[in-house]
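Dear colleague,

Please find below the structure that I am handing over to you. A short account of what was found in it follows.

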Amino acid sequence: MTLAIDIHSHFLPAEWPDLAARFGTPDWPWMKHLGDGKAMIMVGDREFRPVHEDLWNGARRIAAMDAHGIDIQVMSATPVMFSYERPAAHASEVARIFNAAAREICAHDPKRLKSLCQVPLQDTDAACAELDTAMAEGHIGVQIGNHVGERNLDDAGLVTFLHHCADVGAAVLIHPWDMMAQARMPKYMMSWLVGMPAETQLSILSLILSGAFEKLPRNLRICFAHGGGSFAFLLGRVDNAWRHRDIVRADCPQLPSSYTDRFYVDSAVFNEDALALLVKVMGEDRVVLGSDYPFPLGEQVVGKMIREDDGISPDLRAKLMGLNAARFFDLESDR
Ligand code: CO
């Protein structure tokens with residue numbers, strides 16, 4: 001059997017302390033249980049997202065992995081918990097709550113359930129400290145949002161944090177969140193369908209065009225969710241702009257497409273032709289299986305597209321299903 005590792009899945013605990021009461025500020029997320037394993041994530045009084053117990057039930061996660069043929073699942077919190085807009089001390093406390101909850105879910109089967117921590121990214125020193133604590137507790141890396149307010153990934157504090165991740169051997173998953181232009185995308189999940197791919201494109205180009213990859217060490221392991229958003233399809237446009245406009249190449253000494261050997265993307269593009277382009281742009285070693293389990297916008301049978309795509313050779317299938325992720329996360333095939 002091919003080793004199968006899903007690097008993009010989400011968890012939330014069944015419940016957590018009343019954060020609004022704890023911090024005395026409104027609009028914190030909480031879980032409203034509806035019975036029968038169903039719940040609604042609430043933000044203050046607003047319904048944010050319907051969820052079910054796969055999010056917090058380790059036994060159900062393992063059963064789904066068995067049904068889908070997945071050996072190892074890497075879980076991250078959902079971005080609604082990041083709290084980057086809050087005081088850093090509050091975000092640190094929230095990070096500790098959810099990082100501990102992740103370890104509890106993983107304890108159900110520590111060989112097959114792995115976790116990425118969250119950190120208070122608005123404060124670089126606090127973020128580095130929480131990362132160190134979480135890595136010592138067994139997390140295998142960190143999931144961060146693709147921006148902190150107006151600061152993109154090329155912000156000095158965020159680059160310092162990424163450098164620290166490389167220094168301590170923490171793998172980094174970049175997840176889009178807090179999407180742009182929400183006033184223009186009030187309906188039809190436009191923020192997920194347009195905003196998220198654009199956010200991810202923006203964060204990748206921020207690192208490339210700012211020259212951040214020139215300063216960051218090569219041992220930084222960084223992966224972007226959702227196939228890197230709109231990056232791969234529009235890379236030709238970026239290269240063309242770099243060639244013909246000096247303001248595009250002002251801080252970026254190499255052709256933008258030459259930096260694709262510095263990061264990974266997951267496979268969550270939901271279309272065989274898009275996946276083929278992604279593999280062509282990123283290379284066979286830099287695409288990893290990611291599903292967005294257990295959310296409705298995720299792949300419903302995790303890994304199905306890669307397993308059933310006749311255009312993929314057995315060697316490439318093995319890389320996409322698990323070998324690339326095993327290398328990225330430094331995981332043994334120890335099932
Ligand atoms: Co996700």
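**Hairpins and unusual backbone angles**

In the hairpin formed by β2 and β3, 2 residues lie between the strands, and D36 adopts a positive phi near 65°. Please note that this is a predicted model.

The two strands of that hairpin, β2 (residues 29-35) and β3 (residues 38-43), pair in the antiparallel sense over 6 bridges. Within this pairing, M31 has I41 in β3 as its bridge partner.

Strand β3 is also joined to β4 (residues 46-52) by 6 bridges, and these strands run antiparallel. Here K38 stands opposite H52 in β4. The hairpin of β3 and β4 has 2 residues between the strands, and G44 takes a positive phi near 60°.

Some background may help with the remaining points: most residues other than glycine have a negative phi, and most peptide bonds are trans.

D27 is not a glycine, yet its phi is positive, at about 65°. This residue is placed in the loop between α1 (19-23) and β2. D27 counts as partly exposed because it has 13 C-beta neighbours inside 10 Å, whereas a residue needs 20 or more to be buried.

D292 also is not a glycine and has a positive phi, of about 70°. Its place is in the loop between β11 and α11. Is D292 buried or exposed? With 20 C-beta neighbours inside 10 Å, D292 counts as buried.

P294 lies in the loop between β11 (287-288) and α11 (304-308). The peptide bond leading from Y293 to P294 is cis, with omega near 0°.

Yours sincerely

Definitions and conventions:
Residues numbered from 1 in each chain as written. Predicted model: local features only at pLDDT ≥ 70, side-chain atom pairs only at ≥ 80, totals over all residues. Pairing = 2+ DSSP bridges. Helix = DSSP H or I, 4+ residues; strand = E, 2+ residues; numbered from the N terminus. Buried ≥ 20, exposed ≤ 12 C-beta atoms within 10 Å, placed from the backbone.
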